[in-house]
Amino acid sequence: DIVVLKQFWDGGEEQLTYRNASLASLSASIGLQLILVVGQNRKKGLLRILKECLIVLIGAKAPTDAYRVAMGAEHEKDTMVGPMMEMTFNKCAELFAESIPGIIIQLSAIVSTINSG
């Protein structure tokens with residue numbers, strides 16, 4: 001994601017729209033994941049919420065969820081859903097807010113570049 005944003009940034013004014021769209025989809029994905037994390041851990045206390053938000057912000061939510069599922073983590077008391085469902089929700093959020101829009105944005109940029117010469 002950072003590499004794509006850098007390429008759009010280096011592309012000048014003609015890439016401005018694609019850079020902004022990529023940044024918006026990345027922000028939407030992170031925002032949606034943060035909302036899910038806060039909702040999931042709202043009864044676990046502020047320290048737990050901050051820890052889980054940090055995991056999202058450094059981009060380690062997907063591997064952390066996969067590790068928890070692989071290790072057979074149980075549904076914790078005071079959380080909304082178990083680890084498998086949490087991982088599913090987060091993957092869906094990432095897919096719909098970042099991955100699909102990212103593909104569309106990048107393909108649009110490629111087509112635009114090909115058409116302009």
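Hi everyone. Let me start with a term: a nonpolar core is a set of buried Ala, Val, Leu, Ile, Met, Phe, Trp, Tyr and Cys residues joined through side-chain atoms within 4.5 Å. Keep that in mind while we look at this chain, which is a predicted model.

A word on confidence before we go in. The average pLDDT over the chain is 92, and 99% of the residues score at least 70. Among the elements, helix H3 has the highest mean pLDDT, at 97, while helix H1, residues 2-10, has the lowest, at 79.

So which residues make up the largest nonpolar core? There are 5 in all: Val4, Phe8, Tyr18, Ile105 and Ala109. Helices H1 and H5 each give at least two residues to this core. As a general point, nonpolar side chains in soluble globular proteins tend to be buried together.

Let's stay with H1 for a moment. Val4, Leu5 and Phe8 are its buried residues. Looking down the axis of H1, you would see these buried residues within an arc of 100 degrees, so they line one face of the helix. A handy rule helps here: an α-helix has 3.6 residues a turn, so residues three or four places apart point the same way. What does the buried side of H1 pack against? Its buried residues pack against H2 and H5. Turn to the face pointing away from that side, and you meet the exposed residues Ile2, Val3, Gln7, Trp9 and Asp10. After H1 comes glycine 12, with a positive phi near 80 degrees.

Now let's follow one contact from H1 into H2. Setting aside residues up to four places away in sequence, valine 4 touches Ser22 and Gln106. Serine 22 sits in helix H2. Is serine 22 buried or exposed? Its relative accessibility is 10%, and the cut-off for buried is under 20%, so serine 22 counts as buried. Beyond its neighbours within four places in sequence, serine 22 is in contact with Val4, Leu5, Phe8 and Ile105.

Next, the pairing of H2 and H5. In general, two packed helices are described by the angle between their axes and the distance between the axes. For H2 and H5, the angle is about 180 degrees and the axes are 9 Å apart. That makes H2 and H5 roughly antiparallel to each other. The contact involves many residues, including Tyr18, Ala21, Ser22, Leu32 and Gln40 of H2, and Glu86, Phe89, Ala97, Ile105 and Ala109 of H5. You may recognise Tyr18, Ile105 and Ala109 from the core we began with.

On to helix H4, which spans residues 61-70. Its buried residues are Lys61, Thr64, Asp65 and Arg68. Why do we say they share a side? They cover an arc of only 95 degrees around the axis, which puts them on the same side of H4. Tyr67 and Ala70 are exposed on the other side. What covers the buried residues of H4 includes helix H2 (16-41), helix H3 (46-57) and helix H5 (83-116). Just after H4, glycine 72 has a positive phi of about 75 degrees.

One last stop: the loop between H4 and H5, where we find aspartate 78. Aspartate 78 is not a glycine, yet its phi is positive, about 70 degrees. With 37% relative accessibility, aspartate 78 counts as partly exposed.

That's my tour. Thanks for listening!

How values were computed. Residues are numbered from 1 along each chain as its sequence is written. Side-chain values use heavy atoms; hydrogens and water are left out. Buried means under 20% relative accessible area, exposed over 50%, partly exposed in between (1.4 Å probe, protein chains only). Helices (H or I, at least four residues) and strands (E, at least two) are DSSP runs, numbered from the N terminus. The arc is that of the directions from the helix axis to the C-beta atoms. Contact means heavy atoms within 4.5 Å. pLDDT is the predictor's confidence in each residue, from 0 to 100. Axes are lines fitted to C-alpha atoms, for helices over the stretch in contact, and angles run from 0 to 180 degrees between N-to-C directions. Angles under 35 degrees count as roughly parallel, over 145 as roughly antiparallel, 65 to 115 as roughly perpendicular and the rest as oblique.
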